[in-house]
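Work through the exercises below with the sequence and the structure at hand, and try each task before reading its solution.

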Amino acid sequence: GAALESGFSPSIFRMLRIFRVMRVLKLIRSLGQLRMLMQTLWLSLPVLGNIAIILILLIFIYSVMGMSLFGRVLVDPNTSGGLDRHANFQTFSKAVQMHVRMMFGEAWNAIMWDCIDRGYNDGVAEGVTFAF
C-alpha cells in the first residue's frame with residue numbers, strides 16, 4: 001500500500017498509544033481524589049481475598065452436601081436446563097460447577113424442581129422432598 005511505499009510504518013501509531021496510556025497514569029498521580037480512591041482500592045484487596053476464601057469454603061461445603069443429598073438423583077441425558085449429563089451432583093467437580101451456576105442465578109429453579117421430581121438411581125424413592 002501507500003504506507004509501505006512511503007517508508008512510513010503503522011507501528012508508530014501503536015507506540016503513540018502507549019504514550020496516551022502513560023498520560024492517563026500521569027493524570028491519576030496529579031488528581032488527589034482519584035489517587036485517594038485508587039489507594040483505597042489497593043488497600044482493600046487483602047480484605048477481598050478473605051471474602052473470596054469464605055466464598056470458596058461455602059461452595060466447597062454446599063458441594064459436598066449436594067453430592068450427599070442429590071448425588072443419586074436420576075439424570076436424564078435427553079433434557080437440558082436442569083439436571084442433565086453435564087450438570088448434576090454425581091461428582092465433586094460437577095457439584096462445584098452447579099453451585100457456581102446457581103450462585104449466578106442460571107436455571108436454579110429448574111435444578112430445584114428436577115431434584116424434587118426425579119427419583120433416585122437405586123429406585124428406593126420416587127421423588128426427593130425436603131422441608132427445612
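**Exercise 1.** Determine which pattern the chain follows when it is read along the sequence.

*Solution.* In this predicted model, the pattern read along the sequence is α-α-α-α-α-α, and the count of elements for the chain is accordingly given as six helices and zero strands. Turning to burial, 17% of the 132 residues of the chain count as buried. Among the contacts with a separation of 6 or more, 48% come from residues 24 or more positions apart.

**Exercise 2.** Describe how the axes of helix α4 and helix α5 cross, and name the residues that make the contact.

*Solution.* Begin with the geometry: the axes of α4 (residues 45–70) and α5 (residues 92–103) come within 9 Å and cross at roughly 120°. An angle of 65 to 115 degrees would count as roughly perpendicular and one over 145 as roughly antiparallel, and α4 and α5 are therefore oblique to each other. The next step is handedness, and here α4 passes α5 in a right-handed crossing. On the side of α4, the contact is made by L55, I59, F60, Y62, S63, V64 and M67, while α5 contributes F92, A95, V96, H99, V100 and M103. Sorted by class, this contact has eleven nonpolar, two polar and no charged residues.

**Exercise 3.** Find the residues of the largest nonpolar core, and then follow I111 to its contacts.

*Solution.* The largest nonpolar core has nine residues, namely F70, V73, L83, A87, F89, A95, M98, I111 and C115. The elements that give two or more residues to this core are α5 and α6 (108–117). Once neighbours within four places in sequence are left aside, I111 is in contact with G82, L83, F89, M98, R101, M102 and E106.

**Exercise 4.** Locate A107, and decide whether this residue counts as buried, partly exposed or exposed.

*Solution.* A107 is found in the loop between α5 and α6. Most residues other than glycine have a negative phi, whereas phi of A107 is near 55°, a positive value. Since buried means under 20% relative accessible area and exposed means over 50%, A107, at 25% relative accessibility, counts as partly exposed.

Methods: Residues are numbered from 1 along each chain as its sequence is written. This is a predicted model: local features need pLDDT of at least 70, side-chain atom pairs count only at pLDDT 80 or more; totals for chains, interfaces and linings use all residues. Side-chain values use heavy atoms; hydrogens and water are left out. Axes are lines fitted to C-alpha atoms, for helices over the stretch in contact, and angles run from 0 to 180 degrees between N-to-C directions. Helices (H or I, at least four residues) and strands (E, at least two) are DSSP runs, numbered from the N terminus. Angles under 35 degrees count as roughly parallel, over 145 as roughly antiparallel, 65 to 115 as roughly perpendicular and the rest as oblique. A crossing is left-handed if the near helix is turned anticlockwise from the far one by less than a right angle, and right-handed if clockwise. Contact means heavy atoms within 4.5 Å. Ala, Val, Leu, Ile, Met, Phe, Trp, Tyr, Cys and Pro count as nonpolar, Asp, Glu, Lys and Arg as charged, and the others, Gly among them, as polar. A nonpolar core is a set of buried Ala, Val, Leu, Ile, Met, Phe, Trp, Tyr and Cys residues joined through side-chain atoms within 4.5 Å. Buried means under 20% relative accessible area, exposed over 50%, partly exposed in between (1.4 Å probe, protein chains only).
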